[in-house]
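Below is a short briefing on one protein model. Please read it alongside the sequence and coordinates.

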Amino acid sequence: MTASLLLFCTGASTAQEAMYEGQKDQLDANGNGAVNRPEYQSFMTKAFEKLDVDNDGSLSQAETANILSADQLAAADTNGDGRVGREEFMNRVMKDFAAADKSGDGRLQ
Ligand SMILES: [Ca+2]
Ligand SMILES: [Ca+2]
Ligand SMILES: [Ca+2]
């Protein structure tokens, strides 16, 4: 099972799916009908901040309990410290973006 951290915000199973489930308005900040990397990145930065309730710059198991399984957390936790740091989170979600961007033009639409 792959961890799509977009699950954090949408409950959809892929970034692409999320686009069709009403998140697009929020992701598409400039309203041009496509979501580019900077838009996605800033959306996800906000998502991270929302999830990091104790504000320590990383997501603990407790903070992600409702949205990630232990396996999904472990997949995102590349340095194995049991928490998903900001960098780990952003790496992970940008990989999701790349995977969803099938045409490879840097935009989801
Ligand atoms: Ca846009
Ligand atoms: Ca935290
Ligand atoms: Ca970590």
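The notes that follow cover confidence, metal sites, salt bridges and the nonpolar core.

The structure is a predicted model, with an average pLDDT of 85 for the protein. A calcium ion (ligand 1) has its protein donors at 2.3 to 2.5 Å, and another calcium ion (ligand 3) is coordinated at 2.2 to 2.5 Å. The structure also holds four salt bridges.

**Confidence**

- A pLDDT of at least 70 is reached by 80% of the residues.
- Among the elements, strand β3 (residues 84-85) has the highest mean pLDDT, 98, and helix α1 (residues 7-10) the lowest, 54.
- Where pLDDT is low, predicted coordinates should not be read in detail.

**Calcium ion (ligand 1)**

- The protein donors are Asp28 (OD), Asn30 (OD1), Asn32 (OD1), Ala34 (O) and Glu39, which is listed with OE twice.
- Along the chain, these donors follow the spacing D-x1-N-x1-N-x1-A-x4-E.
- The angles among the six donor atoms run from 54 to 154 degrees, and the site is irregular.
- Asparagine 32 is partly exposed at 46% relative accessible area, whereas alanine 34 is buried at 2%.

**Calcium ion (ligand 3)**

- Coordination comes from Asp77 (OD), Asn79 (OD1), Asp81 (OD), Arg83 (O) and Glu88, again listed with OE twice.
- The spacing of the donors is D-x1-N-x1-D-x1-R-x4-E.
- Aspartate 77 sits in the loop between α5 and β3 and glutamate 88 in helix α6, so the pair, 11 residues apart, links distant parts of the chain.
- Both aspartate 77 and glutamate 88 are buried.
- This site is irregular too, with angles of 54 to 156 degrees among its six donor atoms.

**Salt bridges**

- Arginine 83, which gives its O atom to the calcium ion (ligand 3), forms a salt bridge with aspartate 56, with 2.5 Å between the closest N and O atoms.
- Arginine 83 lies in the loop between α5 and β3 and aspartate 56 in the loop between α3 and β2 (58-59), so this pair ties together parts 27 residues apart in sequence.
- Arginine 83 is partly exposed at 26% relative accessibility, as is aspartate 56 at 41%.
- Arginine 92 and aspartate 96 meet at 3.6 Å, N to O; they are four residues apart in helix α6, so about one helical turn separates them.
- Both arginine 92 and aspartate 96 are buried.
- Aspartate 105 and arginine 107 form a salt bridge at 3.9 Å.

**Nonpolar core**

- The largest nonpolar core has 20 residues, of which Tyr40, Met44, Leu59, Val84, Phe89 and Val93 touch the most other members.
- Helices α3 (37-51), α5 (70-76) and α6 (86-100) each give two or more residues to this core.

Notes: Residues are numbered from 1 along each chain as its sequence is written. Chains are lettered from A and ligands numbered from 1 in the order in which they are written. This is a predicted model: local features need pLDDT of at least 70, side-chain atom pairs count only at pLDDT 80 or more; totals for chains, interfaces and linings use all residues. Side-chain values use heavy atoms; hydrogens and water are left out. A nonpolar core is a set of buried Ala, Val, Leu, Ile, Met, Phe, Trp, Tyr and Cys residues joined through side-chain atoms within 4.5 Å. Buried means under 20% relative accessible area, exposed over 50%, partly exposed in between (1.4 Å probe, protein chains only). pLDDT is the predictor's confidence in each residue, from 0 to 100. Donors are N, O and S atoms within 2.8 Å of the metal (3.2 Å for Na, K and Ca); water is not among the atoms, so sites may look incomplete. Four donors count as tetrahedral if all angles lie between 85 and 135 degrees; four count as square planar and six as octahedral if opposite donors are over 155 degrees apart and all others between 65 and 115; anything else is irregular. A salt bridge is a side-chain nitrogen of Lys or Arg within 4 Å of a carboxyl oxygen of Asp or Glu.
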